[in-house]
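Visitor: I have a few minutes and a fresh model on the screen. Could you walk me through it?

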Amino acid sequence: MIARMIWMDREYALIIVNRILSLCNSRRLSVNKLAEMSGVSQSTLDNLVNGKTFNPQIRTLHKIALAFGMTAAEFLDYPELNNYSFEEQAGEFFTANNLD
């Protein structure tokens, strides 16, 4: 059960990271500049982007969204996240690991 949750958290976090990096690229911002603009520590953003942490707090996401001039809802409203299915991902994990 714990392994499944970690795997799902990493997949979900990767979607969030891709969103952050995509917005940084489209606005020509570095992660360092995003940290400065958002008030989120550089180490927190680095850990998220580099896969060392994969469960950001909503407060962190809200600060990041505001730095991009978005609400948290706007930041989280995009196809990859909206199409993510926790049930499908868990099933794929169990099947891939012969745990079902």
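**A walk through the helices**

Guide: Let's start with one residue: leaving out anything up to four places away in sequence, threonine 60 touches Val40 and Thr44. Bear in mind throughout that this is a predicted model.

Visitor: Is threonine 60 buried or exposed?
Guide: Threonine 60 lies in helix 4. The cut-off for buried is under 20% relative accessible area. Threonine 60 has 16%, so the verdict is buried.

Visitor: Which other residues of helix 4 are buried, and on how many sides of the helix do they sit?
Guide: Helix 4 covers residues 58-67, and its buried set is Thr60, Leu61, Ile64, Ala65 and Ala67. Around the axis they span an arc of only 160 degrees, so they share the same side of helix 4.

Visitor: Then which residues are exposed on the other side of helix 4?
Guide: With the buried set held to an arc of only 160 degrees, there's another side left to look at. The exposed residues there are Ile58, Arg59 and Leu66.

Visitor: Let's zoom out. What kinds of elements does the chain have, and how many?
Guide: Reading from the N terminus, the order is α-α-α-α-α-α-α. That comes to zero strands and seven helices.

Visitor: What share of contacts in the chain joins residues at least 24 apart?
Guide: For context, the chain has 100 residues, and 34% of them count as buried. For the contacts, take those between residues at least 6 apart in sequence; the share joining residues at least 24 apart is 61%.

Visitor: How are helix 2 and helix 4 oriented to each other?
Guide: Their axes are 8 Å apart, and the packing angle is about 100 degrees. Angles of 65 to 115 degrees count as roughly perpendicular. Helix 2 and helix 4 are therefore roughly perpendicular.

Visitor: Which residues make that contact between helix 2 and helix 4?
Guide: By type, the residues of this contact split into four nonpolar, one polar and one charged. From helix 4 come Lys63, Ile64 and Ala67, and from helix 2 come Leu34, Met37 and Ser38.

Visitor: And what about helix 2 and helix 3: how do they lie to each other?
Guide: Helix 2 (residues 31-38) and helix 3 (residues 42-49) have axes that come within 9 Å and cross at roughly 130 degrees. The range for roughly perpendicular is 65 to 115 degrees, and roughly antiparallel needs over 145. The two helices are therefore oblique.

Visitor: What is the hand of that crossing, and which residues make the contact?
Guide: The crossing of helix 2 and helix 3 is right-handed. On the helix 3 side, the contact uses Gln42, Leu45, Asp46 and Val49, and on the helix 2 side Val31, Asn32, Leu34, Ala35 and Ser38. These contact residues are five nonpolar, three polar and one charged.

Visitor: Why do the buried residues of helix 2 line one face?
Guide: The residues in question are Val31, Leu34, Ala35 and Ser38. Looking down the axis, they fall within an arc of 100 degrees, so they line one face of helix 2. As a rule, an α-helix has 3.6 residues a turn, so residues three or four places apart point the same way.

Visitor: Which residues does valine 31 touch beyond its sequence neighbours?
Guide: Valine 31 is in helix 2 and is buried, at 19% relative accessible area. Its C-alpha is 8.8 Å from that of isoleucine 20, eleven residues away in sequence. Skipping residues up to four places away, valine 31 touches Leu21, Gln42, Leu45, Asp46 and Val49.

Visitor: Where is arginine 28, and is it buried or exposed?
Guide: Arginine 28 sits in the loop between helix 1 (2-26) and helix 2. Its phi is near 55 degrees, a positive value in a residue other than glycine. With 79% relative accessibility, arginine 28 counts as exposed.

Visitor: Which glycine takes a positive phi just after helix 2, and which just after helix 4?
Guide: After helix 2, the residue is glycine 39, with phi about 80 degrees. After helix 4, with phi about 75 degrees, the residue is glycine 69.

Visitor: One last stop: which residues is leucine 81 in contact with, leaving aside its neighbours in sequence?
Guide: Leucine 81 is in helix 6 (residues 79-82) and counts as buried at 10% relative accessibility. Its C-alpha is 9.9 Å from that of alanine 13, which is 68 residues away along the chain. Setting aside neighbours within four places, the contacts of leucine 81 are Tyr12, Ile15, Ile16 and Leu76.

Definitions and conventions
Residues are numbered from 1 along each chain as its sequence is written. This is a predicted model: local features need pLDDT of at least 70, side-chain atom pairs count only at pLDDT 80 or more; totals for chains, interfaces and linings use all residues. Side-chain values use heavy atoms; hydrogens and water are left out. Axes are lines fitted to C-alpha atoms, for helices over the stretch in contact, and angles run from 0 to 180 degrees between N-to-C directions. Helices (H or I, at least four residues) and strands (E, at least two) are DSSP runs, numbered from the N terminus. Angles under 35 degrees count as roughly parallel, over 145 as roughly antiparallel, 65 to 115 as roughly perpendicular and the rest as oblique. A crossing is left-handed if the near helix is turned anticlockwise from the far one by less than a right angle, and right-handed if clockwise. Contact means heavy atoms within 4.5 Å. Ala, Val, Leu, Ile, Met, Phe, Trp, Tyr, Cys and Pro count as nonpolar, Asp, Glu, Lys and Arg as charged, and the others, Gly among them, as polar. Buried means under 20% relative accessible area, exposed over 50%, partly exposed in between (1.4 Å probe, protein chains only). The arc is that of the directions from the helix axis to the C-beta atoms.
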